[in-house]
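Morning, everyone. Please bring up the structure, and we will walk through it together.

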Amino acid sequence: MASAGEATVKKAHVGKKEKKRPARYWLKAQHGEKPTKKRKREGQREDAPKSSISGKADPFPGPAPVRQDRVQRFKRERSKKLKPHRNNLKLKRIITGTKKDSEMAQEHAARVDVLLPEEPGFLEGDEDEDTCTISQEDIAEAVDITSGAKYFNLKLSQFGPYRLDYNKTGRHLLLGGRRGHVACIDWQTKQLMCEINVMESVNDVKWLHTEAMYAVAQKKWLYIYDSKGIELHCIRKFNDVLRMQFLPYHFLLATASATGFLQYLDVSVGKEVAAICTKSGRLDVMCQNSQNAIIHLGHPNGTVTLWSPNQKEALVKLLCHQGGVRSVAVDKTGTYMVTSGMDKKMKVYDIRAFKPLKSYFLPAGASCLSLSQRGLLSAATGDVVQVYRDVWSTPVTKPYMAHRVRGAVWGLHFCPFEDVLGVGHGEGFTSMLIPGAGEPNFDGFDANPFRSAKQRQEWEVKALLEKIQPELISLDPNQLGYVDRANMAQRHQDRVEALGYDPLAKEKFVPRFKKKGRSSAGAVERRKKKVAHEDQRDVIKEAVEKKLKDERKRVQQKKQKTALSEKSAALDRFRK
Amino acid sequence: MANRSKKKAKKERKKSAASKSNVIFDDEDDRDLKEGDENIISEEEEEGDGDERKRQKLLEAISALGGKRKKKFGERSEAAVQMSEFTVNAQGNDDKIDLSDLLGTMEKTPAVSTKTKKQLKNLQQGKMTIESPISKQASERIQRNLAFQKAAADVSRWSGIIRQNRKAEQLIFPLNQEPSGPKTMEKIVTGWKAQTPLEQEVFALLSANNQPINDPILTPAEEASLKAMSLAEAKIRRAELQKARALQSYYEAKARRERKIKSKKYHKVHNKNKGKEFLKQFEEMVKTNPAGALEELNKMELARMQERMSLKHQNSGKWAKSKAIMAKYDEGARKAMQQQLELNKELTHKLTTSLHKDEEEEKDAAEEEVMPSFVNDAEQVLDPSNPWMRGKLSEDLAHDENVVVNVPSVVAAAPENTAEEEDEIVETEEETLLREFNSRRKLRQGENPDTGLVMSVDDKEEDHEAAADASELEEQELSEFTNILKGLAHNQCDADAEASAGNCDTQLDKPHDDLELLDQETVTDEAPVQPHSAPSTNNPQPSTEKEGKKRKRKRGIEITKVLTKETNPIQVPLIPTVQETEDTDEKMDQRCLIKEAFAGDDVVSDFLRDKKKQEEEGKPKVVDLLLPGWGEWGGIGLKPSRHKRKRFRIKTAPPPPRKDQHLPTVIISEKRNRSMSSHQVNCLPSPFENHLQFESTMRSPLGRTWNTERTIKKLTKPKVVTRLGAIIEPMAQEELMKDQKAESESSVASGKKRRKNNAK
């Protein structure tokens, strides 16, 4: 029990006193270090221990460095006019706190960026060889078997030109033949999920949020089927639909009809969110901006209009072509829009500033446009599919790739997360290999091509919980974070519009009905007159009183003034 | 007699006693007493007095019978005529008794000791009145105040730690957790108890001899000293001292700096300011502290006398003499001399202040009579803007006129206005000049119709001319230069017009081209490219130039400027062989088909019309509340007067500029997004000063979609963490100084070691 501790105690007091204190490692660390050295260290790393147990100094002190350009990628734009007033300490604290947080988030994101190892490839020709002359067969032979198997043709000449759609993960393909043939395929395994004939003309097909359901725009109504080919719904409210777009984060199916209506269907609750009459005739050109969920419509008068479900008129109307617009496509980042028109031109717009960037002349015009995740543009002219690279930054004179299919191209779609372009045409379907088209790194929480059924169910629940309400769709996706600068009048007007009546409006006076002839027209009028302009009366009364008061005050002041001025010497009267 | 006098004395005593006790006694007692005495005093001369009193009493008694019983105030009365040996009489010539009256006899009585005499004398001399004690309320208030201050000081010691805790990103309760890590030996030892008999004995011995049982970090004395003044207080004190020292040093440095400045002008201005300030202070002093002011005045007078006596600022010094020699040739020297003399004058000038005012006023009165009478007249209000009110000569007027004319001619505003003004000009030169302007203006107006075709070019020309006009006004000779310039402008205009005409042609040609292309589609791709690209490459240059102009002066959008982006032809290696099957929808509107086929002709103009319409709709409308016939005659053919129309027209402020102002081919809807606004923050939250600050703090997202897991954990960590089952006690006094103590511990420990060594 009498430990060493006691021994030292005794020594300190009873025995001879030592000149030196007993060495203690926690004290030594403080005394031994020179201040200058310490400061230097602190700059590098604050929480690092001074020395490791083995006594060796850390050769790489501090956290691992992050490349600045990587951090830059995750930076969010900050405005300059932020400096708070000198005395506003609370605000200063908030601003510095958020700044620190966001910087930390950026740095972490940049650190984790290492975990996205895949890089996009591209096709490179020999010297004096155009990449556009390389045929698909050559590519398929050159690449590995799995990738080579992704080039295939489906010969479906019976049921007319095909439209197609890939689902969000890129695993499943939906084909809709003009003459009623609808098929969904797990295209990588080439496994047919279902195949039906709806016995009606099919205008468009679209996957809904999962591969379990898809919508088919048929001759009259809009139908929803499941992956077994069973008809789930026939939506009579949506008639004559020509084109469809699905907004995955809002669970909205947007449809454009031949009658000029743009309708939104919330597929999570099955309700029509908005029906907008565009007043511009048949709508057969449509695409979505995946950045802000705005729908772009092309019109025969050369304009492209932008729509949200919250406004009955077009948000923006752009005059793009002198002829009708044939096709529109918007890139993944929501920066560029590519349009093609009847005037055989293909134009690139900066959709944030609504300014034209590039204009190309295609001798035969482009009937279908599609943009891949990495910004490759595919354009179909007749039966030729051309793919372009970098249409917005450098002026392009030649396509990156070209391929001739058997019939006229009817539908064109890049497969997400794959270097594959699906082409639906008169003679069936062609899956083309386009190196560098798909995004090599996928977000497993968002769209996982390799997910299991269980994972899909989990994802579905989460996605439904995180569903964005349709009211939040606007041109600027950051608008929710801004302060609404509307004044009171505007806000009141909004309220009136939302309620349908003015809650602050004064009720009109209606005289009570009285019997015995006292509600004769004259009497009623007299009674009305009694209360007419009652509010105004008060105001007038007040104003008059105030006026009187002021007048009285003025008079009194004047009197005082004169009294004061009269107080003068008796001899003043002789003054000149 | 003696008996009688005794009786009287007795009676008086009784009376006084009665009257003294009257405060408490009832009336009845008094009455009894009076009845007893009545026969004795009946024939006395103060019968009247007694009657009076009685009457009073009676009245009081009656009044008391009536209403509620009032509490009576005590009545103090003194015995009347006779002087009693026991009581002090205050009735006499002056009611107050002076101390000296009483002390008069003291001198004579030898029994009184000298000491008491002295004391009494001192008392007599001291005229100080003793202040009345403060009222209870006031004293309580003061005490309360003091107590509050003390309590406030006590509580405010916590404010620092509270603020710190509020600011802290995360608080973990209970707060006073044991710090993890190695513990000091002493702490372990104190927790340990002696158990074996030997240990117990040793410790008993130690404690009996008042020896420290273990090695404490602090001796009791040190602990006491620590408690005496806390570190924080000491720091505060030191900080105060430091601040004072710093301020002093700043002030000194400033003074030094100012002294070092070599600029004479600076010092002059500085001294002048000082003098002014001093004067101001002096005037104030005159009001508040006349004695001090007089002293100051004397000082000034002395200084003046000294100045007068000395030859300091006169022309007899060495410097002055040298300057006087130089003064003939050097103007600077002359000036310096003059300045010095002025200074002398100033310094020797007799001061006049309000103290001497009386004399001055007399002087003033004398002067007033001498002054001419118009001094008292109201000052003429000379309107600088009104040339008629100024008694100026015609030259100036003409000059003014010139300026007035200048402005409209440059701006090219209402022509009739200038015409009126032209008439007024008398002088011939100006007239000729103006006539020339007029003719030129007319000429220009004549030109306008043909240049109207090409608006933007016209703009440019106008600019040129305006510039030319301005230059002409300044210089008299004008003709040749402008002629040349005009010729140039004309040429350019013609050229531009031709170019634009060409443009139009190409625009018109385009559809034809398209049609041709449609025909040739199947044949080749190279051939149709060339004719189309040739005109289109020509287009952009003038259009960009025009756009630059348009930004300056906004007019309608020209059709020719829309959709003139340069196109890049693309060579396609494969030629489509299959003719596209047209949309085989039977229901497609016939008109729609036709429209598609012949699109391109009026698409642009349709769009521009649409845009214009939207712009018009966005503009606020002028509300006309005019009721014709009110206040004047009304009827067919009668127009209400301009004044009336103007008065009843309500104009609203123009809306902010449209977002698509500079985008000719875009219509951006200006409608408010109502659905979003209900989810937005609609007024700036408290500490933020502007919207941008708030928005920047809202910008970085928190969700899992945008952040790494570690970031989310850090960003969303709870503000308060409590350990399950731990008791959270209120903060103890030690918490205040915890960190400071931890800091001081080590330093004190080392200090103690040193001291011990010294003692040895």
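Where in chain A is the place of A:Asp390? A:Asp390 lies in the loop between strand 24 (384–388) and strand 25 (401–404) of chain A. Keep in mind that this is a predicted model. I start at A:Asp390 for its backbone: phi is positive, about 55 degrees, and the residue is not a glycine. Is A:Asp390 exposed, partly exposed or buried? The relative accessibility is 39%, so A:Asp390 counts as partly exposed.

Now a second case in chain A. A:His533 is also not a glycine, and its phi is positive, near 55 degrees. Look for A:His533 in the loop between helix 10 (521–531) and helix 11 (534–566) of chain A. Here the relative accessibility is 55%, so A:His533 counts as exposed.

Step back to chain A as a whole. How many helices and strands does chain A have? The secondary structure comes to 11 helices and 28 strands. Chain A has 576 residues, and 45% of them count as buried. Its accessible surface is about 33,200 Å², with 53% belonging to carbon and sulfur atoms. Take the contacts in chain A with a separation of 6 or more: 44% of them are between residues 24 or more positions apart.

Next, strand 12 of chain A. The strand covers residues 261–266, and 5 of its 6 residues are buried. Which way do strand 11 and strand 12 of chain A run, parallel or antiparallel? They run antiparallel, and 5 bridges join them. One pair to look at: A:Thr255 has A:Gln263 as its bridge partner in strand 12. Strand 11 and strand 12 of chain A form a hairpin with 3 residues between the strands. In that hairpin, A:Gly260 takes a positive phi near 90 degrees.

On the other side of the sequence comes strand 13 of chain A, residues 271–277. Strand 12 and strand 13 of chain A are joined by 6 bridges and run antiparallel. Here A:Tyr264 has A:Ala274 of strand 13 as its bridge partner. This hairpin has 4 residues between the strands, and A:Gly270 in the turn has a positive phi of about 70 degrees.

On to a sheet with strands from chain A and chain B. What is the order of the 5 strands in this open sheet? The order is 14(A)-15(A)-16(A)-17(A)-5(B), with antiparallel pairing. The edge strands are strand 14 (285–289) of chain A and strand 5 (666–668) of chain B, each pairing on one side only. Neighbouring strands of this sheet are turned by 15 degrees against each other on average, direction ignored. Within the sheet, strand 15 (residues 294–298) and strand 16 (residues 303–307) of chain A pair over 4 bridges. A:Leu297 has A:Thr305 as its bridge partner in strand 16.

Last stop, chain B. The axes of helix 13 (residues 290–309) and helix 15 (residues 331–348) of chain B come within 8 Å and cross at roughly 140 degrees. That crossing makes helix 13 of chain B oblique to helix 15 of chain B. Helix 13 brings B:Arg304, B:Glu307 and B:Arg308 to the contact, and helix 15 brings B:Asn344, B:Leu347 and B:Thr348. By class, that contact has 1 nonpolar, 2 polar and 3 charged residues.

One more detail in chain B. The peptide bond from B:Phe173 to B:Pro174 is cis, with omega near -5 degrees. B:Pro174 sits in the loop between strand 1 (171–173) and helix 8 (185–190) of chain B.

Definitions and conventions:
Residues are numbered from 1 along each chain as its sequence is written. Chains are lettered from A and ligands numbered from 1 in the order in which they are written. This is a predicted model: local features need pLDDT of at least 70, side-chain atom pairs count only at pLDDT 80 or more; totals for chains, interfaces and linings use all residues. Side-chain values use heavy atoms; hydrogens and water are left out. Buried means under 20% relative accessible area, exposed over 50%, partly exposed in between (1.4 Å probe, protein chains only). Helices (H or I, at least four residues) and strands (E, at least two) are DSSP runs, numbered from the N terminus. Two strands pair if DSSP finds at least two bridges between them. Axes are lines fitted to C-alpha atoms, for helices over the stretch in contact, and angles run from 0 to 180 degrees between N-to-C directions. Angles under 35 degrees count as roughly parallel, over 145 as roughly antiparallel, 65 to 115 as roughly perpendicular and the rest as oblique. Contact means heavy atoms within 4.5 Å. Ala, Val, Leu, Ile, Met, Phe, Trp, Tyr, Cys and Pro count as nonpolar, Asp, Glu, Lys and Arg as charged, and the others, Gly among them, as polar. Accessible areas come from the Shrake-Rupley method with a 1.4 Å probe; for residues, only the protein chains shown count as cover.
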